[in-house]
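This note goes through the structure point by point for someone who has not looked at it before. Please keep the view open while reading.

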Amino acid sequence: CRVRHYKFHVVAKNYTRLCSSKSIVTINGKFPGPTLYAREDDTVLVKVVNQVNHNVTIHWHGVRQLRTGWSDGPAYITQCPILPGQTYIYNFTLTGQRGTLLWHAHVNWLRSTVHGALVILPKRGVPYPFPKPDDELVVILGEWWISDTEAVINEALKSGLAPNVSDAHTINGHPGSVANCSIQDAYNLPVDSGKTYLLRIINAALNEELFFKIAGHKLTVVEVDATYVKPFKIDTIVIAPGQTTNVLLSADQKSGKYLVAASPFNDAPVTVDNLTATATLHYTGTLANSPTILTNPPPKNATQIANKFANSLKALNSKQYPANVPQTIDHSLFFTIGLGINPCPSCKAGNGSRAVAAINNVTFVMPTTALLQAHYFNIKGVFTTDFPSKPSHVYNYTGSPSNLNTTSGTKVYRLPYNATVQVVLQDTGVIAPESHPVHLHGFNFFVVGKGIGNYNATTDQSNFNLVDPVERNTIAVPTGGWVAIRFRADNPGVWFLHCHFEVHTTWGLKMAFLVDNGKGPNESLIPPPKDLPKC
Ligand code: C2O
């Protein structure tokens with residue numbers, strides 16, 4: 001294995017989209033940012049030089065960070081931000097991981113423009129467990145705001161109201177045919193007839209789950225969140241923010257241009273951006289002015305299409321890549337996730353109240369000292385370890401509201417090293433039920449069960465898949481339903497769990513696990529690096 005060095009200069013640059021220009025924060029002037037390439041078991045060193053007037057951190061979404069929590073990246077959880085003018089070197093090893101992941105800024109809403117792909121190839125000489133593609137393409141889905149995204153969230157926090165939705169979705173940085181002035185710049189995926197391509201699809205959007213499809217072509221899904229799955233063919237995939245999906249695309253037409261569409265999936269009664277981003281699959285030799293073969297994106301509330309995709313996902317579970325699902329559970333947790341409304345005397349627009357979000361009725365309060373430092377150096381008063389293992393009261397979670405107010409605190413849930421954990425994530429209908437893509441740092445987890453309505457421990461648990469459930473790092477909890485996940489706490493440190501809709505994270509839909517050191521020589525957090533930013 002190699003050591004790979006990368007340099008990330010955080011710089012502002014002007015970009016024009018949807019007929020207007022603005023200055024955005026980028027890495028090395030690129031939007032989307034540069035793709036990082038490495039191989040399984042390589043060590044990656046990324047020197048981040050902050051040359052903008054914003055605090056910055058970078059998160060390597062889905063990288064396990066075994067014992068290296070200092071390089072995980074979420075601001076005030078594992079590190080304090082890299083201040084303007086400062087530098088920090090992220091240093092981590094891709095132990096036993098291969099596939100597509102993403103990296104993104106993890107402070108405020110900066111990830112709207114600061115994100116990119118992390119491609120981890122298998123070890124040299126180790127083939128993919130599927131037919132070798134002729135070529136590979138990275139496809140990053142995103143969102144674009146005409147105004148400054150940080151301003152959008154600051155405005156929302158002041159007023160207590162929901163922030164504005166984005167003005168467009170994007171495919172590799174371009175909205176496509178949504179506006180006349182952006183058609184020319186739509187992204188082109190060039191393909192040769194007869195070849196097979198591995199598309200590494202990433203949802204880097206802030207607040208939207210997306211459907212993705214290509215006219216006239218089926219997709220063979222082979223991997224999600226950098227874990228191999230049993231291959232299956234499908235028309236439309238659905239992908240939540242933070243998730244990645246690798247598909248094989250065989251360019252089995254002779255020639256032509258085919259529409260590539262990314263459109264929102266949201267089956268809850270909330271306002272979403274209803275715009276479809278488009279790109280073109282362009283066979284070599286096809287004239288530029290020949291007509292594009294179109295396809296209709298699914299309606300935004302096409303729950304069956306989303307379910308068809310989600311229910312098809314199974315771990316590959318081969319001899320070489322076994323699914324090591326924990327069969328017995330040491331810590332069984334039940335987390336209600338959802339929104340609430342709390343008093344806010346200063347919120348004029350919200351009539352003295354504001355939207356909040358919570359897990360088990362606790363709205364997480366961001367500390368001003370990073371939790372990992374507080375834990376390592378034993379700094380008192382930063383967090384408490386009383387995060388509840390279940391909500392304070394039982395009610396009809398998916399029915400009408402029973403308690404709008406939440407409590408608040410910086411609470412973590414403590415796990416002994418190597419404990420096995422089950423978390424049932426139950427969506428609630430306190431304001432309205434809504435799908436939440438929940439992301440856990442530091443671990444992959446197995447999605448052992450999923451259902452609609454209220455979770456029932458006696459009947460639902462007997463239907464869990466403990467053989468080949470899909471393994472991921474981000475899971476969309478269905479609107480008005482639940483999912484059950486299992487993982488082994490074999491990574492000491494402090495690990496963030498949160499909704500990957502940035503608006504819900506901002507409102508408090510987040511908590512952290514604190515995993516103790518183990519007794520063995522390789523079971524403890526490494527000491528903090530010398531250049532770790534100070535608070
Ligand atoms: Cu990709 Cu904590 O997030």
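1. Pro32 lies in the loop between β2 (20-27) and β3. The peptide bond leading from Phe31 to Pro32 is cis, with omega near -10°. Most residues other than glycine have a negative phi, and most peptide bonds are trans. Helices (H or I, at least four residues) and strands (E, at least two) are DSSP runs, numbered from the N terminus.

2. A word on the source: this is a predicted model, in which local features need pLDDT of at least 70 and side-chain atom pairs count only at pLDDT 80 or more, while totals for chains, interfaces and linings use all residues. Residues are numbered from 1 along each chain as its sequence is written.

3. Two residues that are not glycine have a positive phi: Leu18, at about 50°, and Tyr76, at about 70°. Leu18 sits in the loop between β1 (3-17) and β2, and Tyr76 in the loop between β5 and β6 (87-93). Are these residues buried or exposed? Leu18 is partly exposed, with 17 other C-beta atoms within 10 Å, whereas Tyr76 is buried, with 23 other C-beta atoms within 10 Å. The cut-offs are as follows: a residue is buried if 20 or more other C-beta atoms lie within 10 Å of its own, exposed if 12 or fewer, and partly exposed in between, with C-beta atoms placed from the backbone.

4. The protein is divided into domain 1 (1-125), domain 2 (130-315) and domain 3 (331-515); such bounds come from an automatic or database domain assignment. Between domain 2 and domain 3 the C-alpha centres lie 28 Å apart. Their contact takes 24 residues from domain 2 and 28 residues from domain 3, where contact means C-beta atoms, placed from the backbone, within 7 Å. On the side of domain 2 that touches domain 3, α1 (149-159) and β15 (227-234) each supply at least two residues. The residues of that side divide into 14 nonpolar, six polar and four charged. In this count Ala, Val, Leu, Ile, Met, Phe, Trp, Tyr, Cys and Pro are nonpolar, Asp, Glu, Lys and Arg are charged, and the others, Gly among them, are polar.

5. One open sheet has four strands in the order β3-β8-β7-β5, with mixed pairing; two strands pair if DSSP finds at least two bridges between them. β3 (36-39) and β5 (58-61) are at the edges with a single partner strand each, so one side of each has no neighbour in the sheet. Neighbouring strands here are turned by 25° against each other on average, direction ignored. For such angles, axes are lines fitted to C-alpha atoms, for helices over the stretch in contact, and values run from 0 to 180 degrees between N-to-C directions. Four bridges link β3 to β8 (residues 115-121) in the parallel sense, and Leu36 is opposite Leu118 in β8.

6. Another open sheet has six strands, ordered β10-β9-β12-β17-β14-β15, again with mixed pairing. Its edge strands, β10 (168-171) and β15, each pair on one side only. The average turn between neighbouring strands is 20°, direction ignored. β14 (residues 219-224) pairs with β15 in the antiparallel sense over five bridges, and Glu223 has Tyr228 in β15 as its bridge partner.

7. Strand β26 (residues 420-427) is mostly covered, with seven of its eight residues buried. Seven bridges join β26 to β21 (residues 331-343), running parallel, and Ile337 has Asp427 in β26 as its bridge partner. Seven bridges also join β26 to β31 (residues 481-488), running antiparallel; the partner of Gln422 in β31 is Arg486.

8. Strand β28 (residues 445-452) has six of its eight residues buried, so the rest of the structure largely encloses it. β28 pairs with β31 in the antiparallel sense over six bridges, and Lys450 is opposite Val483 in β31. Two bridges also connect β28, antiparallel, to β29 (residues 471-472), where Phe445 is opposite Arg472.

9. Which members of the largest nonpolar core touch the most other members? Of its 145 residues, they are Leu141, Val412, Leu425, Ile485 and Ala512. The largest share of this core, six residues, comes from β18 (residues 257-265). A nonpolar core is a set of buried Ala, Val, Leu, Ile, Met, Phe, Trp, Tyr and Cys residues joined through C-beta atoms within 7 Å. Leaving aside residues up to four places away in sequence, Ala512 touches Ile77, Leu371, Val412, Val494, Trp495, Phe496 and Leu497.

How values were computed
Two residues are in contact if their C-beta atoms, placed from the backbone, lie within 7 Å.
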